[in-house]
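Q: I have a new model open and would like to learn how to read it step by step. Could we begin with how the strands are put together?

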Amino acid sequence: MQLIIYFGTYGSTEEAANKLASFLKADVLNGLTKPKINVNNYERVVFGYNIHGGKPNKSFLKYYKRFQRRYPKMPVAAFIVAADGNRKGDYLSQAAQLLPAGSPLAFVGGRLDSINAKGLSKVIIDNCLKAFKSNDLPLPKLDEEKLKDFSLELKEKLPQF
Ligand SMILES: Cc1cc2nc3c(=O)[nH]c(=O)nc-3n(C[C@H](O)[C@H](O)[C@H](O)COP(=O)(O)O)c2cc1C
């Protein structure tokens with residue numbers, strides 16, 4: 001059994017985590033609740049995090065540092081949730097530097113929506129959405145196909161004990 005721990009803000013990361021969990025029949029936890037669990041009974045921990053300001057979710061970075069110290073041998077993987085598909089390569093390289101070599105990684109897109117946002121974040125998102133609309137660009141969304149492919153990769157490349 002694999003465990004998904006996700007770190008999101010406005011719902012896309014959670015949605016991606018739940019979809020992946022249903023494809024993989026994995027357990028899923030919201031990392032922002034600081035789950036204190038022993039993961040030794042899982043075959044792999046799959047992290048999901050969003051990108052703000054070009055960087056991985058700060059709570060993920062903090063959690064992962066401690067996780068690595070506690071479970072240095074635990075197989076891991078990660079999926080990245082972000083709106084800007086043009087920077088997919090940057091986000092995947094960041095993840096490759098953070099996680100052990102060979103860990104499965106995927107960029108799965110992400111929605112931009114301000115429904116749950118407040119203050120400056122709401123203004124930034126609404127401005128981005130206006131720019132997409134006025135340029136007739138398709139709105140960013142979660143890439144379901146990529147999630148499905150990633151679930152297959154995670155099933156296939158399960159480390160053997
Ligand atoms: C304040 C803010 C900054 C963002 N910065 C980036 C960014 O640098 N690159 C990017 O691709 N997406 C960026 N996004 C878009 C989010 O990564 C995207 O909306 C993602 O779906 C968010 O996941 P969530 O719904 O779980 O919060 C930003 C969104 C917000 C609100």
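A: Happily, and keep in mind that this is a predicted model. A good way in is to pick a pair of strands and follow the bridges: β1 and β3 run parallel and are joined by 6 of them. As a landmark on that pairing, look for Y6, which stands opposite G48 in β3.

Q: Which strand pairs with β3 over 6 bridges in the parallel sense, apart from β1?

A: That is β5, paired with β3 in the parallel sense over 6 bridges. You can locate this register through Y49, which stands opposite I80 in β5.

Q: Does direction ever change, and what should I look for: in which sense do β3 and β4 run, parallel or antiparallel?

A: They run antiparallel, with 2 bridges joining β3 to β4, residues 55–56. I51 has P56 as its bridge partner in β4. The hairpin formed by β3 and β4 has 2 residues between the strands, and G53 in this hairpin takes a positive phi near 55°.

Q: How covered is β3: how many of its 9 residues are buried?

A: The idea is to count residues with many C-beta neighbours around them. For β3 the result is 8 of 9 residues buried, so the strand is mostly covered.

Q: Let me step back to the whole chain. How many helices and strands are there, and in what order do they come?

A: There are 5 helices and 6 strands. Reading from the N terminus, the order is β-α-β-β-β-α-β-α-β-α-α. The radius of gyration is 16 Å, close to the 15 Å that the globule rule gives for 161 residues, so the chain is as compact as a globular protein of that length. Along the principal axes, the C-alpha atoms fill a box of roughly 55 × 30 × 25 Å.

Q: What do the contacts and the burial say about the chain as a whole?

A: For contacts, take the pairs at least 6 apart in sequence: 76% of these join residues at least 24 apart. For burial, 29% of the 161 residues count as buried.

Q: How should I read the nonpolar core, and which of its residues touch the most other members?

A: Start with the general idea: in soluble globular proteins, nonpolar side chains tend to be buried together. Here the largest nonpolar core has 34 residues, and F79 and I80 touch the most other members. The elements that each supply at least two residues of this core are β1 (2–7), α1, β3, α2 (58–70), β5 (76–81), α3 (88–98), β6 (105–107) and α5 (144–156). β5 gives the most, with 6 residues.

Q: Which residues does I80 touch, if I ignore those up to four places away in sequence?

A: I80 touches Y49, I51, Y91, L92, A95, F107 and V108. Y49 will be familiar as the residue opposite I80 in the strand pairing.

Q: Now a helix residue. Where is Y64, and why does Y64 count as buried or exposed?

A: Y64 lies in helix α2. Y64 counts as buried because it has 22 C-beta neighbours inside 10 Å. Beyond its neighbours within four places in sequence, Y64 is in contact with F47 and L98. You can also compare distances: Y64 and L99 are 35 residues apart in sequence, and their C-alpha atoms are 9.2 Å apart.

Q: Which residues have a positive phi although they are not glycines?

A: K25 is one of them, with a phi of about 55°. K25 sits in the loop between α1 and β2 (27–30), and counts as exposed because it has 10 C-beta neighbours inside 10 Å. D136 is another, also with a positive phi of about 55°. D136 is in the loop between α4 and α5, and its 6 C-beta neighbours inside 10 Å make it count as exposed.

Q: Where is K118, and how far is its C-alpha atom from that of K73?

A: K118 is in the loop between β6 and α4. With 8 C-beta neighbours inside 10 Å, K118 counts as exposed. K118 and K73 are 45 residues apart along the chain, and 40 Å separates their C-alpha atoms.

Q: Last, the ligand: which residues come nearest, and how is the shell made up by class?

A: G8, T9, S12, D84 and G110 come nearest among the 22 residues around the ligand. The elements giving two or more residues to this shell are α1 (12–24), β3 (44–52) and α4 (119–134). By class, the shell has 8 nonpolar, 11 polar and 3 charged residues.

Notes
Residues numbered from 1 in each chain as written. Predicted model: local features only at pLDDT ≥ 70, side-chain atom pairs only at ≥ 80, totals over all residues. Near = placed C-beta within 6 Å. Helix = DSSP H or I, 4+ residues; strand = E, 2+ residues; numbered from the N terminus. Nonpolar A, V, L, I, M, F, W, Y, C, P; charged D, E, K, R; others polar. Rg over C-alpha atoms; globule rule 2.2 N^0.38 Å. Buried ≥ 20, exposed ≤ 12 C-beta atoms within 10 Å, placed from the backbone. Contact = placed C-beta atoms within 7 Å. Core = buried A, V, L, I, M, F, W, Y, C linked by C-beta atoms within 7 Å. Pairing = 2+ DSSP bridges.
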